[in-house]
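Here is a short report on a single protein chain. Please look over the sequence and the model before reading on.

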Amino acid sequence: MTRIYIGNLSFNTTEELLTNQFSEFGTVEEVTILKDKFTGASKGFGFVNMQDEDAAFNAIRSLNGTMLDGRKIRVSLAEDKGQTNKRR
């Protein structure tokens, strides 16, 4: 399974809309838009898990920089939490 990061989302973008967009490229396993735990408002980014790696990379190439809900979205391979820079 391949995890994709989607940034610069409109606060009105729904998980259903992301599912529809990414389903054009292959099977979508899960879609998550991160929300503020107090207000429930979107944080403006989310993740899509796709079953097939080739379909995921095709979606990244095709959707990065495109307009969605009035915003130019950023789409890239999600970084593994363990690979982020940590202070020593």
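How many aromatic pairs does the count come to? The count comes to three aromatic pairs in this predicted model. Two of them are described here.

**Aromatic cluster**

Tyr5 and Phe47 pair edge-to-face. Tyr5 belongs to strand 1 and Phe47 to strand 3, so their pair ties together parts that are 42 residues apart in sequence. Phe45 and Phe47 also form an edge-to-face pair. The table gives the geometry.

| Pair | Centre to centre | Angle between planes |
|---|---|---|
| Tyr5 and Phe47 | 5.9 Å | 65° |
| Phe45 and Phe47 | 6.2 Å | 85° |

Ring pairs join Tyr5, Phe45 and Phe47 into a cluster. Is Phe47 buried or exposed? Phe47 counts as buried, because its relative accessibility is 16% and the cut-off for buried is under 20%. Tyr5 is partly exposed, with a relative accessible area of 23%. Phe45 also counts as partly exposed, at 24%. A charged residue joins the picture: Arg3 lies over the face of Phe47, 4.1 Å from the ring centre.

**Sheet and helices**

Four strands make up an open sheet. Their order is 2-3-1-6, and the pairing is antiparallel. Strand 2 and strand 6 (74-77) are the edge strands, each pairing on one side only. From one strand to the next, the twist averages 20°.

Strand 1 (residues 2-7) and strand 3 run antiparallel and are joined by six bridges. Ile6 has Gly46 as its bridge partner in strand 3.

Two helices lie across strands of the sheet. Helix 1 (residues 15-23) crosses strand 1, strand 2, strand 3 and strand 6, and runs at about 140° to strand 2. Helix 2 (residues 53-63) lies across strand 1, strand 3 and strand 6, at about 150° to strand 6.

**Two loop residues**

Where is Ser10 placed? Ser10 sits in the loop between strand 1 and helix 1. Ser10 counts as buried, at 8% relative accessibility. The Ser10 side chain reaches the backbone nitrogen of Asn12 at 3.1 Å. Leaving aside residues up to four places away in sequence, Ser10 touches Ser42, Asp69 and Arg71.

Gly40 is in another setting: the loop between strand 2 (28-35) and strand 3 (42-50). Gly40 is partly exposed, with a relative accessible area of 42%. Along the chain, Gly40 and Ser10 are 30 residues apart. Their C-alpha atoms are separated by 14 Å.

How values were computed
Residues numbered from 1 in each chain as written. Predicted model: local features only at pLDDT ≥ 70, side-chain atom pairs only at ≥ 80, totals over all residues. Heavy atoms only, no water. Buried < 20%, exposed > 50% of the residue type's maximum accessible area, 1.4 Å probe, protein only. Pairing = 2+ DSSP bridges. Axes fitted to C-alpha atoms, helices over the stretch in contact; angles between N-to-C directions. Contact = heavy atoms within 4.5 Å. Polar contact = N/O pair within 3.5 Å; in protein donor to acceptor, adjacent residues only side chain to side chain. Phe/Tyr/Trp six-rings, centres within 6.5 Å; stacked < 30°, edge-to-face > 60°. Lys NZ or Arg CZ within 6 Å of the ring centre and 35° of its normal.
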